[in-house]
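Open your viewer and have the selection panel ready. We will go from one side chain outwards, one selection at a time.

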Amino acid sequence: MPNIINLLPSHIANQIAAGEVIQRPGSAVKELLENAVDAGASEIRLIVEDAGKAVLQVVDNGKGMSEADARNCFERHATSKIAGIDDLSTIKTMGFRGEALASVAAVSQVQMRTRREEDELGTEIEIENSRILRQEPCACPVGTSISMKNLFFNVPARRNFLKSNVVELKHITDEFIRVALGFPGIFFSFTSNGQEVFHLDKGTLKQRLVQLMGSSYSTKLVQVEEKTDYLDITGFIGKPETAKKTRGDQYLFVNNRFVKNPYLNHAIVSAYEALLPQGNFPFFALYIDLDPATVDINVHPTKQEIKFQDEKLVYAFIKSAIRHSLAQYSIAPAIDFGLDAGIQQMDAISKPFTRPQQDEVRSSNLYKSFVGRNQAHRIESSSNLSNWRDFFDQAPKQQVAEQSSLEQFQPKPFSAFQPEPNNEVPKALGVNGQSSIHQIHLTYIVFEQPNGMTILHQQLAHQQVLFEKFNAGWQGKGMAIQQSLFPIAIQLSPTDAPLLQSILPDLLQMGYQLEPFGANAFLLQGSPADHPSENNQAVIEMILEDVKDAASTLHISYKEKIAKTLARKHAAKAGMKLEEMEMLDLVERLSQCKNNATHFDGKPIYVEVKNDYLSDIFRV
Ligand code: ADP
Ligand code: MG
């Protein structure tokens, strides 16, 4: 028998390894921006064409590279950031694995120009399939410019796996924002298809947040600042009114690195307690700084996960710090501030973690403030206690207001449920005779069939009808548009505006005609003719949430999500009186659906009761 093991050629091995680091344009953005930060740049520019699929370039004014480093940086495990294994516990840079540029060079056509301050000439290098095609001296500014062209040109399977430009651009924007929020002292700019979508001057964290989230946030942020010897927590949390239905705007940084940690997110959200309605998520941008020796960021190649030496302790610190801030700013009542017994009894609090650290922590004010029962978070007389009452007085009113605006939003019977314009009585799934269709409990429609009867849920049925209609709208000529007599302006945050911009053609297809209208605003010129609504702004915002949500789920396209949302919004609700004509029309339209038995959520839409079954029961 011949031997069967081959060593993979290095370019294939590189491509496979690259898949770990560069999954999509967004991951390349993260790596290149972090390299620029590590290089000490004070100005960083990101430029993409075609959502990074055609061109993805990062230009920085950092320390640049020598001629030899410019070649070596593309080798696997080439890094200037660590020399030995011990360095891992003191690492302060964003990168250290020396894999990013090697991966970039394995999956795109790379051109880099770089120059150090001390060199008169820089160097320009071109790489393809991990091989250097060309390197020559060039005149260029101090710093580095790396451009990746035709991402995955040599890995078609991966290229095909990329999602639509809208979704990829959303990932890029997410990564850009995460790095930009980590370093408010650095100027960042982001240009997509020739249009500058972000221009972030250097400034304070608060200024950066307001630049990113919109000026309305300047009065909605609450500062968090707790410094102890073990860890520091700084940053801002949103007042309860910033809460949204998706987790989108939640940023947690550990030593300036964006991390995802559901456990710590829970600490933050739970500190709000009853201030938030169920299923709502507050805004936050929080920065935890602690000794790198007590965290392990080495758990995942894309380095968003993190392990703490003592996670429970960090949890307790965070929760306590947030409560403290909410109380200080009179958003939550101080009286509520007895700490959970659970936290007090945690090992991390009641037992030492390590001897010297324990003493350090014990002596910190924050520790004292949450361990001392009843005196935790006492509000000093200087802070304004009356405000929280206002908050609670307002809360129920706000809810009422919200409800009634929702009610307004529910379509009125005839606007929501317009029978198709032909005047004939439709023949529904075998309905015979005129008075054989009835509405029961304003929810179910019952009608006679030759060998039994059908009971149908009106809301599910109408949702399915509209879902298929909106879904079909993506193909073909789209929805009919009703021009608005008085176009309304829709104001969005600076992060949402580019997202909306990128789906304008899709929205038009759905019957929403929008035009850019100054900074981060759009004018709604027309809406779906068959589905008038009094709160189109809310519909647009829901669509945006769908696009964001779809970006994070693998299997559902954002178009399908939008069709579902619109169907839910515009369908007749249970509890709504339907006229006979409307019922017949609904049944007729349902019968024309591709899936008329099962709702898009997987629920049955109707049940059939056969005469045989009835005669069995009655034994007749
Ligand atoms: P890592 O960041 O983990 O060290 P990379 O592959 O991202 O690995 O980069 C390899 C090396 O190339 C870095 O350690 C750094 O020395 C150098 N380098 C990368 N990008 C830049 C840049 N923008 N400016 C200066 N040096 C850079
Ligand atoms: Mg790097």
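**Stop one: Leu46 and its surroundings**

Select Leu46: beyond its neighbours within four places in sequence, it is in contact (heavy atoms within 4.5 Å) with Val29, Leu33, Leu56, Gln57, Val58, Ile172, Phe176, Ser189, Phe190 and Thr191. This is a predicted model, where local features need pLDDT of at least 70 and side-chain atom pairs pLDDT 80 or more, while totals for chains, interfaces and linings use all residues. Residues are numbered from 1 along each chain as its sequence is written, and side-chain values use heavy atoms, without hydrogens and water.

**Stop two: the cores**

Now add Ile44, Phe74, Phe176, Leu181 and Phe188: with Leu46, they touch the most other members of the largest nonpolar core, which has 62 residues. Such a core is a set of buried Ala, Val, Leu, Ile, Met, Phe, Trp, Tyr and Cys residues joined through side-chain atoms within 4.5 Å, buried being under 20% relative accessible area with a 1.4 Å probe, protein chains only. Helix H6 gives this core its largest share, 7 residues. For a second, separate core of 34 residues, select Val167, Leu507, Ile562 and Ala567, which are among its members.

**Stop three: the largest cavity**

Next, select Lys30, Glu34, Met94, Glu175, Arg178, Val179, Phe253, Asn256 and Phe258, the lining of the largest cavity. A cavity is a set of points on a 1 Å grid over the protein atoms alone where a 1.4 Å probe fits but cannot get out, and lining residues have an atom within 4 Å of a point. This one holds about 70 Å³ of space, and its lining comprises 4 nonpolar, 1 polar and 4 charged residues. Colour H6 (165–182) to finish: this helix supplies the largest share of the lining, 3 residues.

Terms used. Chains lettered and ligands numbered in written order. 1 Å grid on protein atoms, 1.4 Å probe; cavity = no way out; pocket = protein on both sides within 12 Å on 5 of 7 lines; lining within 4 Å. Points joined across faces, edges and corners; volume = space filled by probe spheres on them. Helix = DSSP H or I, 4+ residues; strand = E, 2+ residues; numbered from the N terminus. Nonpolar A, V, L, I, M, F, W, Y, C, P; charged D, E, K, R; others polar. Buried < 20%, exposed > 50% of the residue type's maximum accessible area, 1.4 Å probe, protein only.
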